[in-house]
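Colleague: I have this model open on my screen and would like a close look at one part of it. Could you walk me through one residue and its surroundings, and then work outwards to the rest of the chain?

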Amino acid sequence: METRLIQGKNGVFVSFPDHRNKEGKYSQQAYPTTKEMRSAIIEAVLKAYKEA
């Protein structure tokens with residue numbers, strides 16, 4: 001399970017871990033419980049990416 005950076009049409013974005021179920025649909029395996037936590041995780045990941 002890992003958080004990934006993906007290059008999209010509008011720039012880089014953070015993708016949280018997901019899993020494909022028996023019906024072929026995806027569901028998130030890990031997700032932040034609040035908007036603030038989601039923003040903090042995304043900011044930290046993007047900062048580390050830019051510094052690397």
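Which residues does Pro32 touch, not counting residues up to four places away in sequence?

Modeller: Happy to. Leaving out residues up to four places away in sequence, Pro32 touches Phe16, Met37, Arg38 and Ile41. Please keep in mind throughout that this is a predicted model. Pro32 itself is found in the loop between β4 and α1. With a relative accessible area of 15%, Pro32 is buried, because the limit for that label is under 20%. One of its contacts, Phe16, is 16 residues away in sequence, and the two C-alpha atoms are 9.2 Å apart in space.

Burial is worth a moment here, since of the 52 residues of the chain, 10% count as buried. Another residue with that label is Ser15, whose relative accessibility is 13%. Ser15 lies in strand β2, which covers residues 11–15. If you set aside its neighbours within four places in sequence, Ser15 is in contact with Glu2, Thr3, Arg4 and Ile6.

Two of those contacts, Arg4 and Ile6, bring us to strand β1, which spans residues 4–8. Strands β1 and β2 run antiparallel and are joined by 5 bridges. Together they form a hairpin, with 2 residues between the strands. You can follow the pairing on your screen through two examples: Leu5 has Val14 as its bridge partner in β2, and Gly8 has Gly11 as its partner there.

Stay in β2 for a moment and look at Val12, which also lies in that strand. Unlike Ser15, which is buried, Val12 counts as partly exposed, with a relative accessibility of 32%. Not counting residues up to four places away in sequence, Val12 touches Leu5, Ile6, Gln7, Leu46 and Tyr49. Leu5, Ile6 and Gln7 fall within β1 (residues 4–8), while Leu46 and Tyr49 fall within helix α1 (residues 35–51). A short separation along the chain can still go with a wide gap in space: Val12 and Glu23 are 11 residues apart along the chain, yet their C-alpha atoms are separated by 29 Å.

Helix α1 also holds Lys47. At 52% relative accessibility, Lys47 counts as exposed. From Lys47 to Leu5 is 42 residues in sequence and 12 Å in space, C-alpha to C-alpha. Leu5 is the residue we met above as the bridge partner of Val14.

Now back to Arg4, one of the contacts of Ser15. Side chains of opposite charge can pair when their charged atoms come close. In this chain the count comes to 1 salt bridge, and the side chains of Arg4 and Asp18 meet in a salt bridge at 3.8 Å, N to O. Arg4 lies in β1 and Asp18 in strand β3 (residues 18–20), so the pair ties together parts that are 14 residues apart in sequence. Both ends are partly exposed: Arg4 has a relative accessibility of 35%, and Asp18 has 36%.

Stepping back, the chain has 1 helix and 4 strands, and read along the sequence they follow the pattern β-β-β-β-α. The radius of gyration is 13 Å, well over the 10 Å that the globule rule gives for 52 residues, so the chain is more spread out than a compact globule. Its C-alpha atoms fill a box of roughly 40 × 25 × 20 Å along the principal axes. Among contacts with a separation of 6 or more, 26% are between residues 24 or more positions apart. The accessible surface comes to about 4700 Å², and 52% of that belongs to carbon and sulfur atoms.

Finally, a word on confidence, which I would keep beside the picture as you read it. The mean pLDDT of the chain is 86, and 98% of its residues reach 70 or more. Among the elements, α1 has the highest mean pLDDT, at 90, and strand β4 (residues 26–28) the lowest, at 81. Pro32, where we began, sits in the loop between those two elements.

Key. Residues are numbered from 1 along each chain as its sequence is written. This is a predicted model: local features need pLDDT of at least 70, side-chain atom pairs count only at pLDDT 80 or more; totals for chains, interfaces and linings use all residues. Side-chain values use heavy atoms; hydrogens and water are left out. Buried means under 20% relative accessible area, exposed over 50%, partly exposed in between (1.4 Å probe, protein chains only). Contact means heavy atoms within 4.5 Å. pLDDT is the predictor's confidence in each residue, from 0 to 100. A salt bridge is a side-chain nitrogen of Lys or Arg within 4 Å of a carboxyl oxygen of Asp or Glu. The radius of gyration is taken over C-alpha atoms; the globule rule is 2.2 Å times the number of residues to the power 0.38. Accessible areas come from the Shrake-Rupley method with a 1.4 Å probe; for residues, only the protein chains shown count as cover. Two strands pair if DSSP finds at least two bridges between them.
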